[in-house]
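Hello,

Here is the structure I promised to pass on to you. Please open it alongside this email, and my notes follow below.

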Amino acid sequence: MRDDPRLDEAKAIPIENIAGMLDIPGLKRAGNEVTGPCPVCGGVDRFSISPRKNLFNCRQCGGGDGIKLVELVQGCDFRAALAFLCGEAAAPVSPEEQRRRVRRAEEARQKSEEEARRYREKAIHAAKKIWAEAAGGTLNHVLHYLDRRAIRIDGLPLCLRDIDRHKYYQINGREAVHVHTGPCMVAAIQRPDGRLSAVHQTWLDPAQPNGKARIVAADGRVLDAKKVRGSKKGGAIRLTGALKSDVLVMGEGIETTLSAMVADTYPGAMYWAGIDLGNMSGRMRPVDGRRWSGLPDMTDKEAFYPPPWVKRLIFIQDGDSNPTMTRAKLESGLRRAMALNAGLVAQIVHPGKGVDLNDILMGVADAG
Ligand SMILES: [Zn+2]
């Protein structure tokens, strides 16, 4: 068993991923380590995982590598732990062949990580350039647009800027085709550490009923007036500034989230836009063939999670063509937040079937 070829494969799995596969609840990052209640003895102050050393330790239950962690949590033996991590033993492969496979997989992983990192850095650089350019804007375009959407606020959020003449490029494979130039609302997307990692752009046109530009490609297709540049994963558009509450309300879009803020649904709360459902949800774990399980894949380290000051997290469910999927994604995000932040209270609010919060607010404003 100890020379089972799956052993190398199992040892190559980062222990953080194994913790994710085991679904250990309540783990939080603390410096170089990940800590939380021990999944076996329940002790709250003694369990930790070191991704750097690829080891775990409980001061009561003991410690070891990822395979040992599976044995401990599943209460199983080495053989079963290996099967959990790598599947049942396959047809015998020579040790040299196995080593070659592990090395090839590792090389491929490093190469794709390096490429992804370079691409991300370029995109973040481009986002910072757009944000800097938007510093020269008058904010008049933003004010007119929000007014059109019946969102009337005193003092615009600092995360919103505008550009008078901003170019829109349609991306066709590797080629960027310039299809439109016009006023654009630019929103800062900030990472958990507060750094700008992307911008959210909404091209505007006061002549259109919804205030957004109608952008048409050369082939006649109408393109989305909204575009993100940079690396949005894990980020948020922080519509409220200085921290003054431990309640965080999050909708997908800027308009929905601002509408909730203007309606003062949760007085004094912080309001952040989560950009899109995928970002709010993070990766989901398929269960029994169900794709929309509502259960978070905790190995997704780039998904959004609320900062530690959040004690109550409220996701706004928009009107959507696929409510089952939407609901599952929101639940996945909330469960992830609860797993990473012990004691967090989470809830979903939705203003009604087929309408988003902004629709309701506009209705009220128009009637009054
Ligand atoms: Zn323990």
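**Helix 9 and its surroundings**

Helix 9 covers residues 323-340, which makes 18 residues, and spans 26 Å from its first C-alpha to its last, close to the 26 Å expected at 1.5 Å a residue. Please keep in mind as you read on that this is a predicted model.

Which residues of helix 9 are buried? They are Met325, Thr326, Ala328, Lys329, Leu330, Ser332, Gly333, Leu334, Arg336, Ala337 and Ala339. You may like to see that charged names such as Lys329 and Arg336 are on that list. The partners that these buried residues pack against are helix 8 (277-281), strand 15 (312-316) and strand 16 (345-349).

**The zinc site**

Next, the metal. Four cysteines coordinate the zinc ion through their SG atoms: Cys38, Cys41, Cys58 and Cys61, at 2.2 to 2.3 Å. The angles among the four donor atoms run from 102 to 114 degrees, and the site is tetrahedral. For comparison, the ideal angle for four tetrahedral donors is 109.5 degrees. Along the sequence, the donor residues follow the spacing C-x2-C-x16-C-x2-C.

What does the pair of cysteine 41 and cysteine 61 tie together? Cysteine 41 sits in the loop between strand 2 (33-36) and strand 3 (47-50), while cysteine 61 sits in the loop between strand 4 (55-58) and strand 5 (62-64), so the pair links parts that are 20 residues apart in sequence. Are these two buried or exposed? Cysteine 41 is partly exposed, at a relative accessible area of 29%, and cysteine 61 is partly exposed with a value of 29%.

**The open sheet**

There is also an open sheet of four strands, in the order 6-7-8-11, with antiparallel pairing. Strand 6 (160-172) and strand 11 (226-230) are its edges, each pairing on one side only. From one strand to the next, the twist averages 40 degrees.

Strand 8 (residues 196-203) and strand 11 run antiparallel and are joined by five bridges. If you want a place to look, find histidine 200, which stands opposite valine 228 in strand 11.

Two helices go with this sheet. Helix 5 (residues 95-134) packs on it and touches strand 6, strand 7 (175-190), strand 8 and strand 11, with a direction at about 60 degrees to that of strand 8. Helix 6 (residues 140-148) lies across strand 6 and strand 7, and runs at about 85 degrees to strand 6.

Happy browsing, and best wishes!

Note on methods
Residues are numbered from 1 along each chain as its sequence is written. This is a predicted model: local features need pLDDT of at least 70, side-chain atom pairs count only at pLDDT 80 or more; totals for chains, interfaces and linings use all residues. Side-chain values use heavy atoms; hydrogens and water are left out. Donors are N, O and S atoms within 2.8 Å of the metal (3.2 Å for Na, K and Ca); water is not among the atoms, so sites may look incomplete. Four donors count as tetrahedral if all angles lie between 85 and 135 degrees; four count as square planar and six as octahedral if opposite donors are over 155 degrees apart and all others between 65 and 115; anything else is irregular. Buried means under 20% relative accessible area, exposed over 50%, partly exposed in between (1.4 Å probe, protein chains only). The expected span of a helix is 1.5 Å times one less than its number of residues. Contact means heavy atoms within 4.5 Å. Two strands pair if DSSP finds at least two bridges between them. Axes are lines fitted to C-alpha atoms, for helices over the stretch in contact, and angles run from 0 to 180 degrees between N-to-C directions.
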